[in-house]
Amino acid sequence: MGQPTVTTGVTQVDGVRLHYLRAGSGPLLVLLHGWPQTSDCWQRVLADLAADHTVVAPDLRGYGLSDKPSTGYDKRRMAADMAGLVESLGFETTAVVGHDRGARVGHRWALDRPEQVERLALLDIVPTREMFRRLDASLASGYWHWLFQMQPDLPERLVGHDIRGYLEYFFERWTYNRHGLTPEAVDGYVRAFSRPGAMRASFDDYRAMEQDVALDDIDAAEGRRLTMPVLALWGSAGLPSRLPTLEIWRAYADDVTGAEIPECGHFIPEEQPEALLGHLRSFLADEASR
């Protein structure tokens with residue numbers, strides 16, 4: 001059987017045009033990228049997942065070929081974008097795999113619309129709320145970019161003259177298998193973040209974290225948890241490896257499984273695609289057997 005055809009599409013949700021990749025047929029599976037990337041980060045796993053799913057990999061608001069509005073980067077709004085995209089494609093429910101910032105969108109999406117998100121896989125994160133609650137010298141040394149990118153105006157000024165240099169710093173520091181992020185892939189991300197408004201929009205994603213933590217605090221106070229099956233994965237050389245990641249997620253969700261992926265940094269879909277596929281096949285097979 002040949003490789004499934006990958007097509008591109010654009011859907012407008014609440015006035016924002018969202019670009020996406022699509023392949024396969026069957027139950028819906030949405031893949032949400034992180035920073036500093038786009039939907040292209042899923043290229044090494046998309047075809048395999050499309051063998052038995054309709055796979056949709058959008059560019060989040062502010063990223064890639066999607067619009068870059070001046071507002072709407074809190075995770076509730078970004079999750080609503082994804083809910084609208086799913087509805088526009090004619091689906092009622094979906095499984096979601098999110099990496100990095102996309103996993104934070106997925107977490108909020110599943111909290112706000114548990115009837116729409118059937119299963120949730122979260123790659124290389126712990127909840128945003130927990131990051132700030134646990135911030136110490138070790139975490140600060142790894143997540144310093146959060147505090148920098150939350151500042152108004154300054155990141156654009158300092159980074160705008162050398163976008164490639166800034167992004168390549170993270171692609172170098174956050175990888176274990178550096179061959180997984182090919183020069184061609186890095187070139188594509190540099191082009192994406194060099195588009196007008198792209199760096200500003202991605203920093204706005206971080207600037208929304210005070211709103212995001214406030215929403216997380218409300219959910220925690222009200223006892224609201226993830227009720228669908230959750231899979232948490234992290235790289236052995238990734239920043240969440242410094243934390244009791246599985247234990248943390250079990251405080252936020254009712255049904256959690258998880259694993260550390262060996263010889264892997266932050267960019268799991270590109271550094272260890274086969275290992276990721278093995279975990280996702282098992283997780284999604286559980287869905288099919290229910």
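Reader: What makes up the lining of the largest cavity, by class?
Author: Six nonpolar, two polar and four charged residues. Ala, Val, Leu, Ile, Met, Phe, Trp, Tyr, Cys and Pro count as nonpolar, Asp, Glu, Lys and Arg as charged, and the others, Gly among them, as polar. So Trp146 and Pro240 go with the nonpolar residues, Asp124 with the charged ones, and His145 with the polar ones. Bear in mind that this is a predicted model: local features need pLDDT of at least 70, side-chain atom pairs count only at pLDDT 80 or more, and totals for chains, interfaces and linings use all residues. Residues are numbered from 1 along each chain as its sequence is written, and side-chain values use heavy atoms, with hydrogens and water left out.

Reader: Which residues line the largest cavity?
Author: Asp100, Arg101, Arg104, Asp124, Tyr143, His145, Trp146, Trp174, Tyr206, Leu239, Pro240 and His266. The elements giving two or more of them are α3 (101–112) and α6 (144–149); helices (H or I, at least four residues) and strands (E, at least two) are DSSP runs, numbered from the N terminus.

Reader: Why is it called a cavity, and what is the volume of the largest one?
Author: On a 1 Å grid over the protein atoms alone, a cavity is a set of points where a 1.4 Å probe fits but cannot get out, and lining residues have an atom within 4 Å of a point. The largest cavity has a volume of about 110 Å³, meaning the space filled by probe spheres set on the points, which are joined across faces, edges and corners. The whole structure has three cavities of 30 Å³ or more.

Reader: What about the second largest cavity: which residues line it?
Author: Lys75, Arg104, His107, Arg108, Thr128, Asp212, Leu215 and Asp216. This second largest cavity holds about 60 Å³ of space, and its lining divides into one nonpolar, two polar and five charged residues. Both α3 and α11 (209–221) supply at least two of them. Arg104 also turns up in the lining of the largest cavity.

Reader: How do you know how α3 and α11 pack? What are the angle and the distance?
Author: The angle is about 40°, and the axes are 12 Å apart. Axes are lines fitted to C-alpha atoms, for helices over the stretch in contact, and angles run from 0 to 180 degrees between N-to-C directions. The crossing of α3 past α11 is left-handed, which means the near helix is turned anticlockwise from the far one by less than a right angle (clockwise would be right-handed). Contact (heavy atoms within 4.5 Å) is made by Arg101, Arg108 and Leu111 of α3 and Met209, Leu215, Asp216 and Asp219 of α11.

Reader: Why is α2 called roughly perpendicular to α3?
Author: The axes of α2 (residues 75–88) and α3 cross at roughly 75° and come within 8 Å. Angles from 65 to 115 degrees count as roughly perpendicular, under 35 as roughly parallel, over 145 as roughly antiparallel, and the rest as oblique. So α2 is roughly perpendicular to α3. Among the contact residues are Lys75 and Met82 in α2, and Arg104 and Trp109 in α3. By class, that contact has seven nonpolar, no polar and six charged residues.

Reader: And what makes α8 oblique to α9?
Author: Helix α8 (residues 163–173) and helix α9 (residues 183–193) pack at about 135°, with axes 10 Å apart. That angle fits none of the other labels, so α8 counts as oblique to α9. Their crossing is right-handed. Ile163, Arg164, Leu167, Glu168 and Phe171 of α8 meet Val186, Asp187, Tyr189, Val190 and Phe193 of α9.

Reader: Which element gives the most to the lining of the second largest pocket?
Author: α9, with four residues. A pocket, by the way, is an open set with protein on both sides within 12 Å along at least five of seven lines. The second largest one has about 160 Å³ of space, and of its 13 lining residues, the closest to the centre are Thr38, Asp40, Leu65, Ala192 and Arg195.

Reader: What about the backbone: where is Asp100, and what is its phi?
Author: Asp100 is in the loop between β5 (94–99) and α3, and has a positive phi of about 55° although it is not a glycine. Most residues other than glycine have a negative phi, and most peptide bonds are trans. Trp35 and Pro36 are joined by a cis peptide bond, with omega about 0°. Pro36 sits in the loop between β3 (28–32) and α1 (43–49).
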